[in-house]
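Reader: I'm new to this structure and would like a close look at a single part of it. Could you pick one sheet, walk me through it, and then show me what lies around it?

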Amino acid sequence: MPNDLFEFSWLVPERGYELEERVLAAPGNVYQDANEIEQEKELVITDYRAQGSNFKVFRPLHDYPALFRTFAATPTTQEGVLSFANRYGMLGIPRILAGPAGLMSLGSNFESLRDWVKHIQEIKQAVNVWDMVSIADIKKLQTHVQWSEDNLVFFVDDQTRVLIASPRFHPELLERIPKGNVFLPSVVFLNRFVNERLREKVDPRLLLDVTNDNSRTLRFVPATLLSSLWLQLAEAISAKKKHRQCAFCQQWFEVEARGVRSDKQFCSGACRTRAYRARNEKEPIRSGTPKKQKTRKRKKT
Ligand SMILES: [Zn+2]
């Protein structure tokens, strides 16, 4: 179930997006001439094709309660990224093109494939730590938390080495963590990691509720699809949510929320029906004649 405190809508063009080689402006990069710019080409998602298209409005936090997991599992390939963008929209992290203003096509959005890969990896890293923390996988956590002789605690993995606490850095925290403990430093790392990505990305807003006597309601509104994914993850951590991948469409869905367990294998009734039908269509071919005759009969009537 989505949290009632949050509200977020996002647009997806029916025509979808394109990947193109472009040169994006980077802070501090000054290009001497067109040739130099040419060498900096990278793959960029553009909305050229989307322009003039019909847009579908959706509410990610509501329609896909575990979209952050789908994003974390997105292959960091051209196809993987483009297929996520075509289904759920751009992340909302536009960059501008490098070059003389006259050549820039104003009004278009460009998102770098490299940025996407970075964001997928970050959310994957956070989900990974959360998964270890939520089942208290001490053995795995031990490979990530380091205690030095002089009481410096670090969280480490392939991408990060972060100081969690020391006698000088958050000594009050150090006092509360028993020496050698690996669970609490991991929790603190995860909290900070998520909080940093939400900072100044979610606004409290008063919204007008036209369906409810024009009353005003207070909602937290993420600025972009990317921040909505981090917010969704933060809420899932806070509510101790559990997720599973649909056995039919591979979409992630909630299986346990607010203490109610479920052994659901499918994200929806539609997927359950489709999986059941797919099984029935396959079986007669595999298991020989008796069932085949049955299906034939059904088709005739
Ligand atoms: Zn499904």
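Author: Let's start with strand β3 (residues 42-46) and β5, which pair in the antiparallel sense over three bridges. Pairing here takes at least two bridges found by DSSP between two strands, and the strands themselves are DSSP runs of E with at least two residues, while helices are runs of H or I with at least four, each numbered from the N terminus. One rung to look for is Ile45, whose bridge partner in β5 is Glu111. Before going on, keep in mind that this is a predicted model: local features need pLDDT of at least 70, side-chain atom pairs count only at pLDDT 80 or more, and totals for chains, interfaces and linings use all residues. Residues are numbered from 1 along each chain as its sequence is written.

Now zoom out a little. The two strands belong to an open sheet of three, in the order β2-β3-β5, with antiparallel pairing. β2 (18-22) and β5 (110-112) stand at the edges with a single partner strand each, so one side of each has no neighbour in the sheet. On average, neighbouring strands of this sheet are turned by 40° against each other, direction ignored. Helix α5 (residues 113-134) packs on the sheet and touches β2, β3 and β5, and its direction makes about 55° with that of β5. Touching means contact, with C-beta atoms, placed from the backbone, within 7 Å; the angles run from 0 to 180 degrees between N-to-C directions, with axes fitted to C-alpha atoms, for helices over the stretch in contact.

What about the inside? The largest nonpolar core has 51 residues, and Phe68, Phe71, Ile123, Leu229 and Leu233 touch the most other members. Such a core is a set of buried Ala, Val, Leu, Ile, Met, Phe, Trp, Tyr and Cys residues joined through C-beta atoms within 7 Å. Buried means that 20 or more other C-beta atoms lie within 10 Å of a residue's own (12 or fewer is exposed, anything in between partly exposed), with C-beta atoms placed from the backbone. Take Phe71: leaving aside its neighbours within four places in sequence, this residue is in contact with Phe84, Ile120, Ile123 and Leu229.

Leu233 turns up again where two helices meet. The axes of α8 (residues 183-198) and α9 (residues 225-238) come within 9 Å and cross at roughly 145°. The contact is made by Val194, Arg197 and Leu198 of α8 and Ser227, Trp230, Leu231, Leu233 and Ala234 of α9.

There are other strand pairs to look at too. Four bridges join β1 to strand β4 (residues 55-58), running antiparallel, and Leu11 has Val57 as its bridge partner in β4. Strand β1 (residues 10-13) has a covered face, Trp10 and Val12, and an uncovered one, Leu11 and Pro13. Strands β9 (residues 202-209) and β10 (residues 215-222) also run antiparallel, joined by eight bridges. Val202 is partnered with Pro222 in β10. Five residues lie between the strands of this hairpin, where Asp213 takes a positive phi near 55°.

To place your sheet in the whole, the protein has eleven helices and twelve strands. Buried residues make up 22% of its 301 residues. Among contacts with a separation of 6 or more, 63% are between residues 24 or more positions apart.
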